[in-house]
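Student: Hi! I've just opened this one and don't know my way around yet. Could you walk me through it?

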Amino acid sequence: MEKNELISIGQCKHGLDAKAAKTVKQVFMNNGSFNGKIYALPPAIVASIRTLDLYQGELREPSFQRIETEMDVSECTLERLMIDQAMLPASIDYSNPEKIYWPKAAINKAAYLVYMREISAFMLPFLQNRLLTLIRCPEGVEKESFFQKHLPDYAPAFIDRMTVDGETFMICNSLESLLWFANHGGIEFHVPFNQADTPYPNEIVFDLDPPSRERFDLAIQAAVVIKELLDKLQLISFVKLSGSKGLQIHIPIKEKSMTYEQTALFTQGIAQTVENQYANLFTTERMKKNRHGRLYIDYVQHGKNKTIVTPYSARKKDEGTVAAPLFWEEVNDDLLPQQFTIHNVVDRVKEKGCPFADYQIAREQQKLDNLFSLLE
DNA sequence: GCTTGTG
DNA sequence: CACAAGCAACGCGAG
DNA sequence: CTCGCG
């Protein structure tokens, strides 16, 4: 959008009482230029308009609220309209909505905040009651980034937190929290495999990390092989794109049904089974130089004090990719690692539903008998 | 993005 | 005042 | 021991 370009978003006729209407009319007739039909003023007066939404470039059922004497015309931007219209929590002061967060994907901060609002219902369950590790890029994904685990002193009271040994950590339990973190440049949301109030994991995750995006086919092969093994064990599993190069397989398990020691034995066992079966394709070799282009099954990444990117979290990647939950049928040769982004994931979920919709139900239904007999 | 420390 | 820095963490192997 | 790495 051209800078300083005026965008018409319709007319507003309702909401003015007789007196206010007369005042506005006088302002235009006294100060405006008349072209024989209408009086026009350069952009100078700011007013609040209540509306249903913006549909095909026009406000629906706009209604005048009030003149905003304290507001400058320069604040009336398309970004501000996007934010106002997305029903973001009003308790947060959204700064720099026009700031570009993903230059190559043409995503600004306003668009990111709107994405987070729209995906929140699908993302929040996976953040619930877990200590949060954030990767923040307040100047965009191409600029400096940093990790954050500790709650900043200035954080508002509505951010949940937990203090352990005098250290206070962040928890993202609400829409408000999610958008507060996003407004502070929080791009990647990572969480551990256990809830904050227990040392027991309630999910197991395999991280399938090919050496490059060009070898994404390895991640697909590994996922299919592991899925077969999990099916044989009658374990319910879910799969998502990491949003980077690979795939991640999630197995929800009931709270307190396994210790981290047991889940580590299991992931190690599966990873080594797959490695032995397809030694030319997959490896659990930690050293990069010993992997020889094979896919690294990072079973160490599942464990105490480790974290995994949350479903639907954005990634610090040029394309604006997100960690997108998939249907297992989608794990085939047509799948691309960069397929799902901030641009298209909300529509995808609205059309097809969330592939992780039954995640919490599966956690309760999960039968671990076969898994445990494997560990013996 | 915001706070704190330094010149 | 204008700045720059900090904002996680741990284990392991190589040097 | 410190440094890189995931």
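**Starting inside, then out to the DNA**

Tutor: Let's begin with helix 4, whose buried residues are Ser177, Leu178, Leu179, Trp180, Phe181, Ala182 and Asn183. Buried means under 20% relative accessible area, exposed is over 50%, and partly exposed is in between, using a 1.4 Å probe and protein chains only. Helices (H or I, at least four residues) and strands (E, at least two) are DSSP runs, numbered from the N terminus. This is a predicted model, in which local features need pLDDT of at least 70 and side-chain atom pairs count only at pLDDT 80 or more, while totals for chains, interfaces and linings use all residues. Residues are numbered from 1 along each chain as its sequence is written, chains are lettered from A and ligands numbered from 1 in the order in which they are written, and side-chain values use heavy atoms, leaving out hydrogens and water.

Student: How many residues of helix 4 are buried?

Tutor: Seven of the nine, so helix 4, residues 175–183, is mostly covered.

Student: What do those buried residues pack against?

Tutor: Their partners are helix 3 plus strand 7, strand 9 (133–136), strand 12 (167–171) and strand 13. Contact here means heavy atoms within 4.5 Å. Just after helix 4 comes Gly185, with a positive phi of about 85°.

Student: You mentioned strand 13. Which residue there is worth a look?

Tutor: Try Glu188, which sits in strand 13 (residues 186–191).

Student: Is Glu188 buried or exposed?

Tutor: Glu188 is buried, because its relative accessible area is 5%.

Student: What does the side chain of Glu188 pair with?

Tutor: The side chains of Glu188 and His190 make a polar contact of 2.8 Å. A polar atom of the Glu188 side chain is also 2.8 Å from the backbone nitrogen of Lys316. A polar contact is a pair of N or O atoms within 3.5 Å; within protein, one must be able to donate a hydrogen and the other to accept it, and residues adjacent in sequence count only if both atoms are side-chain atoms. Leaving aside residues up to four places away in sequence, Glu188 touches Thr133, Leu134, Ile135, Ser313, Ala314, Arg315 and Lys316.

Student: Now the DNA! Which residues surround DNA strand B?

Tutor: Around DNA strand B you'll find Ser95, Asn96, Lys99, Tyr101, Lys109, Arg136, Pro138, Phe146, Tyr154, Asn183 and His184. A residue is near a molecule or strand if one of its heavy atoms lies within 4 Å of it. Notice Asn183 in that group, one of the buried residues of helix 4.

Student: What classes do the residues near DNA strand B fall into?

Tutor: Four are nonpolar, four polar and three charged. Ala, Val, Leu, Ile, Met, Phe, Trp, Tyr, Cys and Pro count as nonpolar, Asp, Glu, Lys and Arg as charged, and the others, Gly among them, as polar.

Student: And which parts of DNA strand B come within 4 Å of the protein, sugar and phosphate or bases?

Tutor: A mix: 54% of those atoms belong to sugar or phosphate, and the rest to bases. For phosphate oxygens of DNA strand B, polar side-chain atoms of Asn96 and Lys99 each come to 3.3 Å. At Pro138, a backbone N or O atom lies 2.2 Å from a phosphate oxygen of the strand.

Student: What surrounds DNA strand C?

Tutor: DNA strand C has Phe146, Phe147, Lys149, His150, Glu167 and Arg286 around it. Of its atoms within 4 Å of the protein, 35% are sugar and phosphate. A polar side-chain atom of His150 is 3.1 Å from a phosphate oxygen of DNA strand C, and a polar backbone atom of Lys149 is 3.2 Å from one. By class, the nearby surface has two nonpolar, one polar and three charged residues.

Student: Changing topic: where do helix 3 and helix 7 meet?

Tutor: Tyr115, Glu118, Ile119 and Phe122 of helix 3 meet Val345, Val346, Val349 and Lys350 of helix 7. That contact has six nonpolar, no polar and two charged residues.

Student: Any odd backbone spots in the loops?

Tutor: Glu61 has a positive phi near 50° without being a glycine, and it lies in the loop between strand 5 (58–59) and strand 6 (63–67). Glu61 is exposed, because its relative accessible area is 62%. Ala106, also not a glycine, has a positive phi of about 55°.
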